[in-house]
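Visitor: I am new to this structure and would like a close look at a single part of it. Could you take one helix, go through it with care, and then lead me outward to what lies around it and beyond?

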Amino acid sequence: MEPNFQALRKEFPVLERKTYLNSGSYCALANDVKAAFEAYIEERSLLGANWELWVTKNESVRALTATLLHAAPDEIAVTASVSAGLNALASALHFSGPRDKVVISDFEFPTNAQIWHAQEPRGARIVHVPRAADGYIPLENFAKAIDEQTQLVAITHVCYRNGAKLDIPGIVRLARAKGAKVLLDCYQSVGSMDIDVKALDVDFAAGGMLKYLLGTAGIGFLYVRDSFIQSLVPTSTGWFAQADIGAMDITANRPAPNARRFEAGTPAVVNCYAAEAGLKFLLAVGAPAIEKRNYALTRRCMQRLEEIGWPSITPAQNERRGATVAVPSRDSGRLSAQLLKRDVVTSPRDGNVRASFHFYNDQDDVESFIAAMKGLRDSFGPR
Ligand SMILES: Cc1ncc(COP(=O)(O)O)c(C=O)c1O
């Protein structure tokens, strides 16, 4: 049975005041997540510290993330950010041999580019796969870049600038044929669509909790395929990455046998509370139903933009798009500010205004966005 999306809107108070189309930046706050923050504050004020409970919160986030990604809890590191997970992973890779190449794409968020460029002094060669004339990156461009020297193909699932979704199964096939591993940066997709890391056959996946996962900033995850964990020893590490955290052994580095070896220091406890509540909420709604709804909302939004003569640059086919509709503007910063004055929350990126949809949005939100855009078309739209 389809979730009652209209009833669920009541769980997000901001929706009473705003047309909130900014989940690709930061999600709307659910009442459950707010209550989780408050529960943490309450415990802090009444008990001071409650480490026995707090460590279970971190484990709960790990288990819920595993369920969401169709992975095992032992394959999930709970990290402070995507950056933290990627730095730990990069520190465990070696670039001095024949496989020195890391292939990334033109669609990357800075995190998944700068961290690989930071490995250049360690011998890594970073190759960028360019987009084609239509703005998309077709498989043949990846085929030209992925070869026997490629150690890792590190790619975004959905581009944060234009909402385009890459052909991950196709890219994984190309990588497999050349013996390369694949890292998926799924920050712009996880929670907005159903992601099965096993079905996608990626080796690593990273994301965070503040966008479509309904949580907060300051907490993320790194999925590592179980068969690789033992052979990867991060040099970017910490005491919570040790096999026995309680051992407090200062004579050696003994990494955990599971993906926890990619973690570092003391977990961000308050963020675990929020992330746990967000993940539970999202899993109860269900990723497949959310994916279906987001495709319907983005499709409708793109149709309406066509009708008002201000088409988006986001690919029209479902296989090539995520939950964001990107609209080009003469001045995306000022356009986004003007939309905000009309209580429509979007975010400007790279010459586009992004309208990011989540299950708590509805057709009325599409219409409010369109009405506001129509009024601003002459000042900010296509000439
Ligand atoms: C695709 C993508 N990757 C990574 C990040 C950010 O990563 P971090 O958790 O390191 O800030 C974002 C944030 O907007 C993103 O959209």
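Guide: In this predicted model, helix α13, which covers residues 332-341, has S332, L335, S336 and L339 as its buried residues. Looking down the axis of α13, one finds these buried residues within an arc of 100 degrees, and so they line one face of the helix. The general background is that an α-helix has 3.6 residues a turn, so residues three or four places apart point the same way. On the face of α13 turned away from the buried side sit the exposed residues R334 and K341. As for what covers the buried residues of α13, the list includes the strands β10 (344-345), β11 (347-349) and β12 (352-356), together with helix α14 (363-380). Just after α13 comes D343, which takes a positive phi of about 65 degrees.

One residue of this helix deserves its own look, namely S336, which has its place in α13. With a relative accessible area of 7%, S336 falls below the limit of 20%, and therefore it is buried. If residues up to four places away in sequence are not counted, S336 touches T346, S347, P348 and V353.

From here the path leads to a sheet, since β11 and β12 are among the elements that cover the buried residues of α13. This is an open sheet of three strands, in the order β9-β12-β11, and its pairing is antiparallel. The edges are taken by β9 (324-328) and β11, each of which has a single partner strand, so that one side of each is left without a neighbour in the sheet. Direction ignored, neighbouring strands of this sheet are turned by 35 degrees against each other on average. Between β9 and β12 the antiparallel pairing runs over five bridges, and V327 has V353 as its bridge partner in β12. V353 is also one of the residues that S336 touches, which brings us back to α13 for a moment.

Further away in the sequence there is another open sheet, of seven strands, whose order is β2-β8-β7-β6-β5-β3-β4 and whose pairing is mixed. Its edge strands are β2 (76-79) and β4 (125-129), each pairing on one side only. Here neighbouring strands are turned by 20 degrees against each other on average, again with direction ignored. Within this sheet, β6 (residues 181-185) and β7 (residues 204-208) run parallel and are joined by three bridges, and the bridge partner of L184 in β7 is A205. Helix α4 packs on the sheet, where it touches β2 and β8 (220-224), and its direction makes about 125 degrees with that of β2. Helix α5 (residues 82-92) packs on the sheet as well, touching β2, β6, β7 and β8, with a direction that makes about 155 degrees with that of β7.

In α5 we can pause at G85, which has its place in that helix. At 1% relative accessibility, under the limit of 20%, G85 counts as buried. Leaving aside neighbours within four places in sequence, G85 is in contact with T79 and L222. G85 and A264 are 179 residues apart in sequence, while their C-alpha atoms are 9.3 Å apart in space.

Another helix, α3 (residues 31-47), can be read in the manner of α13. For its 17 residues, 1.5 Å a residue gives an expected span of 24 Å, and the end C-alpha atoms are 24 Å apart, which agrees. The residues V33, A36, Y40 and E43 of α3 are buried, and they cover an arc of only 75 degrees around the axis, which puts them on the same side of α3. The face turned away from that buried side carries the exposed residues I41, S45 and L46. Among what covers the buried residues of α3 are α4 (51-69) and α11 (269-285). After α3 follows G48, with a positive phi near 85 degrees.

The last stop is the nonpolar interior. The largest nonpolar core has 70 residues, of which F12, L69, V153, V202, F359 and Y360 touch the most other members. The element that gives the most to this core is α11, with ten residues. V153, leaving aside its neighbours within four places in sequence, is in contact with V103, I146, I171, A175, A180, K181, V182 and L183. Apart from this core lies another, of 30 residues, with V82, A154, L183 and F228 among them.

Note on methods
Residues numbered from 1 in each chain as written. Predicted model: local features only at pLDDT ≥ 70, side-chain atom pairs only at ≥ 80, totals over all residues. Heavy atoms only, no water. Helix = DSSP H or I, 4+ residues; strand = E, 2+ residues; numbered from the N terminus. Expected span 1.5 Å × (residues − 1). Buried < 20%, exposed > 50% of the residue type's maximum accessible area, 1.4 Å probe, protein only. Arc of directions from axis to C-beta. Contact = heavy atoms within 4.5 Å. Pairing = 2+ DSSP bridges. Axes fitted to C-alpha atoms, helices over the stretch in contact; angles between N-to-C directions. Core = buried A, V, L, I, M, F, W, Y, C linked by side-chain atoms within 4.5 Å.
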